[in-house]
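The following note sets out several points for consideration alongside the coordinates. The points concern the core, the sheet and selected residues.

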Amino acid sequence: RARKLDAEIQQHGLQNIVAITHRDVYQDGFSLDNPSSADPCINASAVFLDLPAPWMALPHLTRGPSSPLNPSVSVHLCTFSPCIEQVQRTVSALRSLGWLEIEMVELSARRIEVRRDRVGLQEEGLRGVNASPANVEEAIGRLREVEGRDRSYHHGKTSQSPVEDPADEAAGEYVSKQQRLQNIREAQTDRKLYKEGRLTHRSEPELKTHTSYLVFAVLPRAWTDEDERQANALISAGPLKTVNSRDTPTSKRQMKRDAKEQAGGNKDVEMKTERQLNHT
């Protein structure tokens with residue numbers, strides 16, 4: 001499997017930026033000890049682990065002389081586990097090894113169906129639509145059509161003479177269901193169905209796949225002797241110089257508060273100062 005992947009990397013021309021290695025990371029760790037490697041020092045700033053037992057590989061991802069991690073930056077880690085028991089053991093190992101900002105994210109694969117809901121009698125006979133009246137006018141029109149068909153049927157059984165009443169003749173004119181469906185299918189070719197209807201989306205009511213978990217953590221950068229000397233120098237230099245609040249712009253509200261404190265309860269002084277501030 002590793003040789004096949006290495007061949008694919010060669011085919012895509014990524015051999016200068018991608019290195020494929022096959023090893024037992026539980027025992028041997030992640031450092032590249034191949035002398036033919038162009039850069040045996042990894043200096044990784046991000047690690048993704050898709051292992052059955054990621055907590056067994058975490059001891060090799062610590063700060064040290066032979067660490068594959070970049071010592072000058074914080075390292076971000078992500079592990080993939082299908083079971084919550086694996087997550088618990090991974091988090092315990094991360095805490096014991098000094099990783100910070102540990103958090104877990106649950107992944108749930110749920111399909112979302114996006115479609116357009118079209119409602120109306122003009123959708124009768126089409127797939128994936130609701131062929132019911134969209135408004136009162138369509139419902140009344142369908143009722144009149146059914147009433148006219150029934151009236152024509154009963155009139156034909158009870159009388160052999162043609163219909164004389166104009167109202168009955170108008171009500172008796174109707175289109176058969178087969179002809180109506182044929183007309184709808186013919187009109188469908190000229191319609192832009194992808195623009196019609198209301199755009200909706202629905203998700204699956206149940207999960208059909210197994211859940212999985214991602215664990216994220218951050219390992220702070222290495223604290224060197226030089227960092228310790230710089231920190232001690234800052235401490236011995238005394239407190240940092242603060243900016244004088246009088247040198248920074250002050251709002252009128254703050255100026256009124258300061259004037260009130262300086263007046264010491266003298267209302268005349270407070271009113272005089274407030275008038276001066278309002279005129280500025």
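1. In this predicted model, the largest nonpolar core has 22 residues. Those in contact with the most other members are Val47, Leu49, Leu58, Leu61, Leu77, Leu94 and Trp99. Two or more residues of this core come from each of the strands β1 (46–49), β2 (75–81) and β6 (212–219), and from the helix α3 (84–96). As general background, nonpolar side chains of soluble globular proteins tend to be buried together.

2. Leu49 deserves separate mention within this core. Leaving aside residues up to four places away in sequence, Leu49 touches Phe30, Pro54, Leu58, Leu61, Leu77, Cys78, Thr79 and Phe80. Of these contacts, Leu58, Leu61 and Leu77 are also listed with Leu49 among the core residues that touch the most other members.

3. How are the strands ordered in the sheet? The sheet is open and has 4 strands, which run in the order β1-β2-β6-β3 with mixed pairing. At the edges lie β1 and β3 (100–107), each of which pairs on one side only. From one strand to the next, the twist averages 15°.

4. The pairing of β2 with β6 is antiparallel and extends over 7 bridges. Within this pairing, Ser81 has Tyr213 of β6 as its bridge partner. The helix α3 packs on the sheet and touches β2, β3 and β6. The direction of α3 makes about 5° with that of β6.

5. Phe80 belongs to strand β2. Is this residue buried or exposed? Phe80 has a relative accessible area of 26%, and it is therefore classed as partly exposed, between the limits of 20% for buried and 50% for exposed. Not counting residues up to four places away in sequence, Phe80 touches Phe48, Leu49, Asp50, Leu51, Ser212, Tyr213 and Leu214. Phe80 and Phe216 are 136 residues apart along the chain, yet their C-alpha atoms are separated by 9.4 Å.

6. Two cysteines may be compared in terms of accessibility. Cys78 has a relative accessible area of 11% and is therefore buried, the limit being under 20%. Cys83, at 33% relative accessibility, counts as partly exposed. How many disulfides does the structure hold? The number is 0. Cys78 is also one of the residues that Leu49 touches.

Technical notes
Residues are numbered from 1 along each chain as its sequence is written. This is a predicted model: local features need pLDDT of at least 70, side-chain atom pairs count only at pLDDT 80 or more; totals for chains, interfaces and linings use all residues. Side-chain values use heavy atoms; hydrogens and water are left out. A nonpolar core is a set of buried Ala, Val, Leu, Ile, Met, Phe, Trp, Tyr and Cys residues joined through side-chain atoms within 4.5 Å. Buried means under 20% relative accessible area, exposed over 50%, partly exposed in between (1.4 Å probe, protein chains only). Contact means heavy atoms within 4.5 Å. A disulfide is a pair of cysteine sulfur atoms within 2.5 Å. Two strands pair if DSSP finds at least two bridges between them. Axes are lines fitted to C-alpha atoms, for helices over the stretch in contact, and angles run from 0 to 180 degrees between N-to-C directions.
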